[in-house]
Amino acid sequence: MPQHTFKLNGEQVTVEAEDTERLLWVLRDRLGVKGPKYGCGLDVCKACTSHINGKAFNPCSVPVSKIAPTDEVTTIEGLPATVGKDLHPMQEAWLQQDVAQCGYCQPGQIMAAVAKVRQARAAGRDLTDDDLDDIRNICRCGTYARIREAIVEGAKNM
């Protein structure tokens, strides 16, 4: 079986997996990283949203063979800015705004939010309603108003 090497949550990992195996299954089943959730497997629901090289992506739709040894994959478990803290500022905002109901989509929602805040800041601007509208993660519980409030609150502390 082929070996694949990449950086995961700050550490270089090597894993044996078929080239066509989706990265989500490599993360969950082979590496034991359970934060990214399986929802649709089609890059639609975005429950698995993680970061690759700092940008949001959905590992359910990416074969592990497309991940280069120089790529850095970050899941909710490796979300930066938690050194010395239990939670990232976006996670804290999620709790303050009482966002989660079932909680299944929350890791993907948070990862998408953090990436969107970083994208806006890299462009030299604050978040806009259009930015929030661009986040397409599905929440089966329908807590979208609280999700938006939490993203705005979390962005203030990032």
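## A right-handed crossing to start with

Helix 2 and helix 3 cross in the right-handed sense. This is a predicted model, and the pair makes a good way into it. The two axes come within 10 Å of each other, at a crossing angle of roughly 125°. Angles between 115 and 145 degrees count as oblique, so helix 2 is oblique to helix 3.

Which residues bring helix 2 and helix 3 together? From helix 2 come Met90, Gln91 and Trp94, and they meet Gln106, Gln109, Ile110, Ala113, Val114 and Val117 of helix 3. By type, the residues of this contact are six nonpolar and three polar, with no charged ones.

## The overall plan

Let's step back to the whole chain. The protein has five helices and five strands, and along the sequence they follow the pattern β-β-α-β-β-β-α-α-α-α.

As for size, the C-alpha trace spans about 45 × 30 × 30 Å along its principal axes. The radius of gyration is 15 Å, which agrees with the value near 15 Å for a compact globule of 158 residues.

## The sheet

How are the strands ordered? The five strands make an open sheet that reads 2-1-5-3-4, with mixed pairing. Strand 2 (11-16) and strand 4 (55-57) have a single partner strand each and stand at the edges, so each has one side without a neighbour in the sheet. From one strand to the next, the twist averages 40°.

Strand 1 (residues 3-8) pairs with strand 2 in the antiparallel sense, over six bridges. Within strand 2, Val15 is the residue opposite His4, while Glu11 is the residue opposite Leu8. The hairpin that joins strand 1 and strand 2 has two residues between the strands, and here Asn9 takes a positive phi near 50°.

## Helices across the sheet

Two helices are worth following over the strands. Helix 1 (residues 23-30) lies across strand 1, strand 2, strand 4 and strand 5 (72-74), and runs at about 95° to strand 2.

Helix 3 (residues 106-122), met above as a partner of helix 2, lies across strand 3 (50-52), strand 4 and strand 5. Helix 3 runs at about 45° to strand 3.

## Helix 5 and its partners

Two packed helices are described by the angle between their axes and the distance between the axes. For helix 2 (residues 89-96) and helix 5 (residues 144-156), the angle is about 135° and the axes are 8 Å apart. Helix 2 is therefore oblique to helix 5, and passes helix 5 in a right-handed crossing. On the helix 2 side, the contact involves Pro89, Met90, Ala93, Trp94 and Gln96; on the helix 5 side, it involves Ile147, Ala150, Ile151, Glu153, Gly154 and Ala155. Eight of these residues are nonpolar, two are polar and one is charged.

What about helix 3 and helix 5? Their axes come within 10 Å and cross at roughly 50°, which means that helix 3 is oblique to helix 5. This crossing is right-handed too. Here Gln109, Ala113, Val117 and Arg121 of helix 3 meet Ile147, Ile151, Ala155 and Lys156 of helix 5. The residues of this contact divide into five nonpolar, one polar and two charged.

## Residues that recur

A few residues turn up in more than one of these contacts. In helix 2, Met90 and Trp94 take part in the contact with helix 3 and in the contact with helix 5. In helix 3, Gln109, Ala113 and Val117 meet helix 2 and also helix 5. In helix 5, Ile147, Ile151 and Ala155 meet helix 2 as well as helix 3.

Terms used:
Residues numbered from 1 in each chain as written. Predicted model: local features only at pLDDT ≥ 70, side-chain atom pairs only at ≥ 80, totals over all residues. Heavy atoms only, no water. Pairing = 2+ DSSP bridges. Helix = DSSP H or I, 4+ residues; strand = E, 2+ residues; numbered from the N terminus. Axes fitted to C-alpha atoms, helices over the stretch in contact; angles between N-to-C directions. Contact = heavy atoms within 4.5 Å. Parallel < 35°, antiparallel > 145°, perpendicular 65-115°, else oblique. Left-handed = near helix turned anticlockwise from the far one by under 90°. Nonpolar A, V, L, I, M, F, W, Y, C, P; charged D, E, K, R; others polar. Rg over C-alpha atoms; globule rule 2.2 N^0.38 Å.
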